[in-house]
Structure formats: C-alpha cells, structure tokens
Amino acid sequence: MANITLAHGSGGRLMHELIRKKILGVYGNPVLNRMADAAVLELDKKRIAFTTDSFVVKPLIFKGGDIGKLAVCGTVNDLAVSGALPLYISCSLIIEEGLSEGLLMRFIASMKKEARTAGVEVVTGDIKVVEKGNCDGIFINTSGIGVVKYSRELSVRRIKPGDKVIINGTIADHGTAVMLARNDLGFKSGPKSDCASLNGLILMVLNKCSNVKFMRDPTRGGVAAVMNEIVEDAPFGIQLFEDKIPISKETASVCEILGIEPLQMANEGKVIAIVGPQDAGKALRIMKKHSLGRRGAIIGEVTKDFKGRVVLKTKVGGERIVDMPVLEVLPRIC
C-alpha cells in the first residue's frame, strides 16, 4: 500500500478516493455512504444532524481569524448545510508542550465569541498535551449536534438539469489569507479570511425556499471539489460562468501573481446552494439581505450537456473543464 501524503487531506481527488475506496470499505453503511457534511439521524421520531471535524491550520492566527474561531465556524456550517439548527458542540484540545497559556486562552475566547454569535454552546470537551515537536502549538477537534428543521432532504439525488448554482459571496479568500500569513511573499496587503458561521443565512433561505435541493460549504478543494463531487456518476453536468463568479480584487491579484486557480482555493464562510429554477431568484434575494450574502450570485447551472463534467464558460467566451483538485494547493488550511 502507498503512504499517506499531505494531498490525502486536501479535499481533492486523493482524499475522495481514500474515503470511497478504502475507508468506506471498512465502515460503510447507508448513512456514512452519503458522504454528507453531517449525518442526519432519526432518534425518537426526531431528526438530528451529527458532525465532527478537526482543525490543524498553520499558522494558528491569520488575517480574519484564528484556529478557535475556525473550529466553531467549521462545525456550525457543516450542521447548517445539512438543514439543521446547530445547538451544541464539543471541544477537544490537543496542545503542544510549551504553548503559552495566554495564546491558549486567546483561542478559547475566540471559540466562546463565535459560539455566542452562532447561537451554540460548548457542552463537553477534553484536553491532551503532547511532547514538544509533536504538533504545531494546538490542534482542535469539534463535534456538533443540531435539530434538522428543513423538512425536505438536501441531497445530490434531488438535483436535475435546469437547477441553478448559487454562492453567497467572494471565493478563495480563506485559502489566500492563510497562504499570505504563512509565507513571506512580499505582499504588503491582502484579503482576510471569510471565516464565518453561516447558520443564520442558511436557515433564512431554507425557511422561505422549498426548492433548495443541496447545500455544501466549499472548504478544502474549494468550489471545484464541490462541483465535481456533485457530477460524479451523475447523468448531468454543471456549467459555471466565470464572469458571474464573485472574487475580490485582492484575492484575484494574489491568485494571478502566484498562478493559483481560485476555484480550488478553500473558503470558510461560503455556501453553495443548488436551487430549482423557480426559486433561484428568490433564494438569491434572501441571501443578499444578509450581511454574509451581499455579494451572492448565481454562478452556474445544471445541464444535460457535459455529463459527469464541470465546464467553465470563460469571460472571453471559451470553455474549459474544471477538474477535481488532485495535488495539494496548500496543506493545513483548516
């Protein structure tokens, strides 16, 4: 067997194949096989969503956030895109010997602040300390539970040609901000991470639009990975429109100079919604009323053409295939 590389944690093709071909072969069951951001379970005639995530971002502090804020936002968003009202999260800390108590308490304070913003409570946790050199300061694992409020299933199985692809704002800001915080690339300024809890925006849309069919937060692997996951083995394709995809001037400049594909860069405050055409305009208008959705846009549509493919219509009128990321653009991004 081959050895695990950093690319196996990138959210791209290697991670996808590791899960599908190896891990699901051991643990596979009808719930896990859906590979959703959160498992939706029925307990005592109530539907709950349950998720877990680990955060190993490097560096621990970046423009727009830190590992504490990121840990809460990531788990809240995984519950929200499953149609759930996030309620409770856990906090498990793996701390490197030598981390200052002041820095630890900064991250704890960030978690508390973001949990209050998102309306969730930290109700259980754990602490482990490992020898110096065995982790980069601190790793955080968070799990979350929420009650599923949306009555319809949010699933790839409901997607059909004609559906629209909507995003709530600019792409690639988190990945670019972490890259600039990690490397001395000579940029005097740059974008800040979009790290944010999206449960308020998402529930606004779900409460008023019955034709939302699927939601996903495009974190590792970015928009490209989510789009390719949707069309994998599907009898349809997706066409994206480059001139409709929102991207800030700062982020676009950094990506262009470094030769990075923005569609593959991580986001931590964005949600992609696949919405039936009759509700797409309404969903977008609702997003734009929220502070985290003002730069929302319809960026593509599901089509009978390009079966199993994601195709970008470029600003100059050409077309190019958007593949699932294979190699690691930037490891340790979240």
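**Close-up views of a predicted model**

**View 1. Tyr27 sits in helix H1, which covers residues 13–27.** The model is predicted, so side chains are best read with that in mind. Tyr27 is exposed, because its relative accessible area is 58% and the cut-off for that label is over 50%.

**View 2. Tyr27 shares a nonpolar surface patch with Ile23, Val26 and Leu32.** Put the four residues together and you get about 410 Å² of accessible area. Tyr27 itself counts as exposed, at 58% relative accessible area.

**View 3. Helix H2 takes in residues 67–80.** From the first C-alpha to the last, its 14 residues reach 20 Å, close to the 20 Å expected at 1.5 Å a residue. Not much of H2 shows: 13 of its 14 residues are buried, leaving the helix mostly covered.

**View 4. Asp66 caps H2 at its N-terminal end.** Zoom in on the start of the helix and you'll find a side-chain oxygen of Asp66 lying 2.9 Å from the backbone nitrogen of Gly68.

**View 5. Zooming back out, the protein chain has eight helices and 14 strands.** Its C-alpha atoms fill a box of roughly 55 × 55 × 50 Å along the principal axes. A compact globule of 334 residues would have a radius of gyration near 20 Å, so the chain's 19 Å agrees with that picture. As for cover, 50% of the 334 residues count as buried.

How values were computed: Residues are numbered from 1 along each chain as its sequence is written. This is a predicted model: local features need pLDDT of at least 70, side-chain atom pairs count only at pLDDT 80 or more; totals for chains, interfaces and linings use all residues. Side-chain values use heavy atoms; hydrogens and water are left out. Helices (H or I, at least four residues) and strands (E, at least two) are DSSP runs, numbered from the N terminus. The expected span of a helix is 1.5 Å times one less than its number of residues. Buried means under 20% relative accessible area, exposed over 50%, partly exposed in between (1.4 Å probe, protein chains only). A polar contact is a pair of N or O atoms within 3.5 Å; within protein, one must be able to donate a hydrogen and the other to accept it, and residues adjacent in sequence count only if both atoms are side-chain atoms. Patches are made of residues with over 30% relative accessible area and no salt bridge: like charges are joined within 9 Å, nonpolar side chains (Val, Leu, Ile, Met, Phe, Trp, Tyr) within 5 Å. Accessible areas come from the Shrake-Rupley method with a 1.4 Å probe; for residues, only the protein chains shown count as cover. A salt bridge is a side-chain nitrogen of Lys or Arg within 4 Å of a carboxyl oxygen of Asp or Glu. The radius of gyration is taken over C-alpha atoms; the globule rule is 2.2 Å times the number of residues to the power 0.38.
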